[in-house]
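Visitor: I have this entry open on my screen and would like to talk it through. Could we start with the place where the protein chains meet?

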Number of protein chains: 2
Amino acid sequence: MHKYKDIGFALTPQRIAILEYLDGNKGHPSADEIYKAILGTLPTMSLATVYTTLAALNKRGKLRMLTIDPEKRRYDPDIADHSHMICISCKRIIDLDGDAHYALPEALVKDFSVLTCSIELTGLCPNCKQQERASTEEDQYVR
Amino acid sequence: MHKYKDIGFALTPQRIAILEYLDGNKGHPSADEIYKAILGTLPTMSLATVYTTLAALNKRGKLRMLTIDPEKRRYDPDIADHSHMICISCKRIIDLDGDAHYALPEALVKDFSVLTCSIELTGLCPNCKQQERASTEEDQYVR
DNA sequence: ATTAATGCAAACACTTTGCAATGGA
DNA sequence: TCCATTGCAAAGTGTTTGCATTAAT
């Protein structure tokens with residue numbers, strides 16, 4: 001047991017539950033989603049613990065904190081540089097995998113320390129594109 | 001007067017002040033920064049008005065709402081697709097202009113409605129790269 | 001045994017909203 | 001005049017923090 005031994009922090013049941021929930025998770029969950037999902041099996045889990053654990057994982061580079069959703073932070077266990085698209089209607093975040101590519105300007109690589117890099121798209125996913133509800137009212141064209 | 005006549009909303013002194021503050025502004029200000037900057041000349045300005053005006057401009061496509069700063073929304077009057085880098089130390093957002101380039105995957109263009117697209121980098125700007133304070137403690141490697 | 005992590009509640013920061021008063025069109 | 005906009009205050013949401021209790025190493 002304990003594939004998570006090398007993270008560099010104490011392995012509590014709460015942290016193991018979070019790690020297991022995130023492992024391979026492609027859903028880009030929010031802290032609250034993670035919290036609610038774990039509550040079923042670990043009824044003493046608290047939201048504060050979720051937040052502090054996510055911060056600890058992020059600090060150790062085991063997790064990506066996504067800012068693409070203007071309403072709340074989303075978390076991604078896939079720490080490789082990759083791209084995202086968010087559907088401004090259903091708020092789903094889709095991985096763009098390796099399909100998109102980019103080239104960093106030379107000057108930037110020299111003068112800055114680049115830590116992460118990703119392409120961020122906003123738009124409508126196929127589902128929401130169809131429905132195309134007359135919700136133009138509250139649409140926010142973010143980014 | 002009134003280069004802003006075609007926006008499609010009533011031109012109040014508050015809105016004109018916001019539009020003038022944003023015009024050509026490359027600083028990617030937050031709502032509060034805009035508010036404080038205008039307070040000097042328009043002492044009755046309220047933060048709520050800043051927020052509602054920014055939302056109105058965004059809805060009309062006259063403004064980009066940036067999510068790259070995990071702490072607060074930032075606003076960009078430059079509505080052309082372009083890229084940003086945020087310094088995780090000083091929180092400055094730098095335009096990457098046309099230097100970086102990307103290619104959207106075919107499948108995406110077909111099945112999705114892409115509204116915006118930008119490259120988002122995180123890292124350290126030249127200034128902060130030097131100082132490189134032992135602030136590793138609270139660093140958040142966002143995105 | 002020691003030190004770090006948990007869980008609760010309170011505090012925080014940013015953003016939105018209800019509503020009466022005001023002022024553009 | 002009439003309807004949209006303002007400004008204030010209160011409420012809403014997501015996130016962080018202080019602290020006593022608990023548990024991992």
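Guide: Let us begin with charge pairing: across the interface of chain B and chain A, the rule finds 0 salt bridges, and please keep in mind throughout that this is a predicted model.

Visitor: Okay, so how many residue pairs are in polar contact across that interface?

Guide: There are 13 residue pairs in polar contact across the interface of chain B and chain A, counting pairs in which both residues have pLDDT 80 or more.

Visitor: And which parts of chain B touch chain A?

Guide: On chain B, at least two residues each come from α3, β1 (64-66), β5 (101-103), α4 (106-111), β6 (113-124) and α5 (126-131). Of these, β6(B) gives the most to the side that touches chain A, with 12 residues. Sorted by class, the residues on that side of chain B divide into 24 nonpolar, 10 polar and 11 charged.

Visitor: How much area do the two chains bury?

Guide: Chain B and chain A bury about 4200 Å² between them, and 59% of that area is on carbon and sulfur atoms. The contact itself takes 45 residues from chain B and 44 residues from chain A.

Visitor: Why give an area at all?

Guide: The size of an interface is often expressed as the accessible area that is lost when the parts come together.

Visitor: Back to the strands, then: in what sense do β5 of chain A and β5(B) pair, parallel or antiparallel?

Guide: Strand β5 of chain A, residues 101-103, pairs with β5(B) in the antiparallel sense, over 3 bridges. Within that pairing, A:H101 has B:A103 in β5(B) as its bridge partner.

Visitor: New topic: which residues come nearest to DNA strand D?

Guide: There are 19 residues around DNA strand D, and those that come nearest are A:Y51, A:R73, B:T12, B:R15 and B:T44. A polar side-chain atom of A:Y51 lies 2.3 Å from a phosphate oxygen of the strand, while an N or O atom in the side chain of B:R15 is 2.7 Å from a phosphate oxygen. For B:Q14, a side-chain N or O atom is 2.9 Å from a sugar or linking oxygen of DNA strand D.

Visitor: Which element gives the most residues to the surface near that strand?

Guide: That is α3(A), with 4 residues. By class, the surface near DNA strand D has 9 nonpolar, 6 polar and 4 charged residues.

Visitor: And what share of the DNA atoms close to the protein is sugar or phosphate?

Guide: Of the atoms of DNA strand D within 4 Å of the protein, 85% belong to sugar or phosphate, and the rest belong to bases.

Conventions
Residues are numbered from 1 along each chain as its sequence is written. Chains are lettered from A and ligands numbered from 1 in the order in which they are written. This is a predicted model: local features need pLDDT of at least 70, side-chain atom pairs count only at pLDDT 80 or more; totals for chains, interfaces and linings use all residues. Side-chain values use heavy atoms; hydrogens and water are left out. A residue is near a molecule or strand if one of its heavy atoms lies within 4 Å of it. A polar contact is a pair of N or O atoms within 3.5 Å; within protein, one must be able to donate a hydrogen and the other to accept it, and residues adjacent in sequence count only if both atoms are side-chain atoms. Ala, Val, Leu, Ile, Met, Phe, Trp, Tyr, Cys and Pro count as nonpolar, Asp, Glu, Lys and Arg as charged, and the others, Gly among them, as polar. Contact means heavy atoms within 4.5 Å. Buried area is the accessible area (1.4 Å probe) that two parts lose on being put together, summed over both. A salt bridge is a side-chain nitrogen of Lys or Arg within 4 Å of a carboxyl oxygen of Asp or Glu. Two strands pair if DSSP finds at least two bridges between them.
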